[in-house]
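The following explanation leads the reader through one molecular structure, from a single residue to the packing of its helices. Please keep the sequence and the model in view while reading.

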Amino acid sequence: NTERLFSENIERVISIRDTIVAQLTTFNQTKGYQIIFSNTMGDNILLSNPAYDITAEFLEVLNKNYSSGK
């Protein structure tokens, strides 16, 4: 059923978003960033200095926490 699949997909997206926000909150306790922008599909940030891109660093944290079951 298409409606059920759509609903399950929304639930997964919400779960992933909540996990990322929780992990970012913990990650930022030692970083002190004032703003962390979403770069979903490249539509929220059009141009930025690559020095401010924390994606790789944060992915390491997510992967470490995922593998340790946090």
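**From a helix to its packing**

Thr-55 lies in helix H2. The model is a predicted one, and helix H2 spans residues 55-68. Thr-55 is partly exposed, with a relative accessible area of 45%. The C-alpha atom of Thr-55 is separated by 9.7 Å from that of Asn-39, and these two residues are 16 residues apart along the chain.

Phe-58 is also found in helix H2. Is this residue, Phe-58, buried or exposed? Phe-58 has a relative accessible area of 8% and is therefore counted as buried, because the cut-off for that class is under 20%. Thr-55, at 45%, is instead partly exposed, because its value falls between the limits of 20% and 50%. Between the C-alpha atoms of Phe-58 and Ile-36 the separation is 11 Å, and the two residues are 22 residues apart along the chain.

Which residues does Phe-58 touch, when those up to four places away in sequence are not counted? They are Ile-20, Gln-23, Leu-24 and Phe-27. These four residues of H1 take part in the contact of that helix with H2.

Two of the residues touched by Phe-58, namely Leu-24 and Phe-27, belong with Phe-58 to the largest nonpolar core. This core has five residues, and its other members are Ile-54 and Leu-62. Helix H1, which covers residues 2-31, supplies at least two residues of the core, and helix H2 likewise supplies at least two.

The arrangement of the helices can now be described. Two packed helices are characterised by the angle between their axes together with the distance between those axes. For H1 and H2, the angle is about 120° and the axes are 11 Å apart. The crossing in which H1 passes H2 is right-handed. On the H1 side, the contact is made by Ile-20, Gln-23, Leu-24, Phe-27 and Lys-31. On the H2 side, Glu-57, Phe-58, Val-61, Leu-62 and Asn-65 take part. Sorted by class, the contact comprises six nonpolar, two polar and two charged residues.

Gln-23 and Asn-65 deserve a separate look. Gln-23 is found in helix H1, whereas Asn-65 lies in helix H2. What joins the side chains of Asn-65 and Gln-23? A polar contact of 2.4 Å does so. Gln-23 counts as buried because its relative accessibility is 14%, and Asn-65 is buried as well, with a relative accessible area of 8%. Not counting residues up to four places away in sequence, Gln-23 touches Phe-58, Val-61 and Leu-62 in addition to Asn-65.

Taken together, the contact between H1 and H2 includes members of the nonpolar core, among them Leu-24, Phe-27, Phe-58 and Leu-62. The contact also includes Gln-23 and Asn-65, whose side chains are joined by the polar contact of 2.4 Å.

Technical notes: Residues are numbered from 1 along each chain as its sequence is written. This is a predicted model: local features need pLDDT of at least 70, side-chain atom pairs count only at pLDDT 80 or more; totals for chains, interfaces and linings use all residues. Side-chain values use heavy atoms; hydrogens and water are left out. A nonpolar core is a set of buried Ala, Val, Leu, Ile, Met, Phe, Trp, Tyr and Cys residues joined through side-chain atoms within 4.5 Å. Buried means under 20% relative accessible area, exposed over 50%, partly exposed in between (1.4 Å probe, protein chains only). Contact means heavy atoms within 4.5 Å. Axes are lines fitted to C-alpha atoms, for helices over the stretch in contact, and angles run from 0 to 180 degrees between N-to-C directions. A crossing is left-handed if the near helix is turned anticlockwise from the far one by less than a right angle, and right-handed if clockwise. Ala, Val, Leu, Ile, Met, Phe, Trp, Tyr, Cys and Pro count as nonpolar, Asp, Glu, Lys and Arg as charged, and the others, Gly among them, as polar. A polar contact is a pair of N or O atoms within 3.5 Å; within protein, one must be able to donate a hydrogen and the other to accept it, and residues adjacent in sequence count only if both atoms are side-chain atoms.
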